[in-house]
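Thank you all for coming; I would like to take a few minutes to go through one model with you. Please have a look at the sequence and the structure first, and then we can talk about the details.

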Amino acid sequence: GLGDVYKRQEKLLNRIFLEELLGRLPAKERQLIYMRYFQDMTQAQIAGKLGISQVQVSRMEKKILRQMRMEKV
């Protein structure tokens, strides 16, 4: 029905919006978000891959999400 069409459109718009925001991030931050939300990796796994501490991953993630929320408004 019509509800499904709107849901699909919203999903698509969210994806386009997300990709645009991710495109503006520095490479390391983009990689972090990709691993965290698209590959479901833990902060500890990401820390290992990026060669930084889990605490740094946590801080970066919080900062990125805060920035993304502010840009959405």
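Let me begin with the surface: which residues make a nonpolar surface patch of about 310 Å²? They are Leu2, Val5 and Tyr6, and I should say straight away that we are speaking of a predicted model. Tyr6 lies in helix H1, and this residue counts as exposed because its relative accessibility is 53%, where the cut-off for that word is over 50%.

How far the coordinates can be trusted is a fair concern, since where pLDDT is low, the predicted coordinates should not be read in detail. For the protein the mean pLDDT is 89, with 96% of the residues reaching 70 or more. Among its elements, helix H1, which covers residues 2–24, has the lowest mean pLDDT, at 86, whereas helix H3, residues 43–50, has the highest, at 97.

Turning to helix H2, which takes in residues 27–37, we find that its buried residues are Glu29, Leu32, Ile33 and Met35. Around the axis they cover an arc of only 165°, and therefore they sit on the same side of H2. As a reminder, an α-helix has 3.6 residues a turn, so residues three or four places apart point the same way.

Finally, there is Lys62, which has its place in helix H4, residues 54–72, and which counts as exposed because its relative accessibility is 55%. Between the C-alpha atoms of Lys62 and Gln9, which are 53 residues apart along the chain, the separation is 28 Å.

Note on methods:
Residues numbered from 1 in each chain as written. Predicted model: local features only at pLDDT ≥ 70, side-chain atom pairs only at ≥ 80, totals over all residues. Heavy atoms only, no water. Buried < 20%, exposed > 50% of the residue type's maximum accessible area, 1.4 Å probe, protein only. Helix = DSSP H or I, 4+ residues; strand = E, 2+ residues; numbered from the N terminus. Arc of directions from axis to C-beta. pLDDT = per-residue confidence, 0-100. Patch = residues over 30% accessible without salt bridge, like charges linked within 9 Å, V, L, I, M, F, W, Y side chains within 5 Å. Areas by Shrake-Rupley, 256 points an atom, 1.4 Å probe, with all protein chains shown as cover. Salt bridge = Lys/Arg side-chain N within 4 Å of Asp/Glu carboxyl O.
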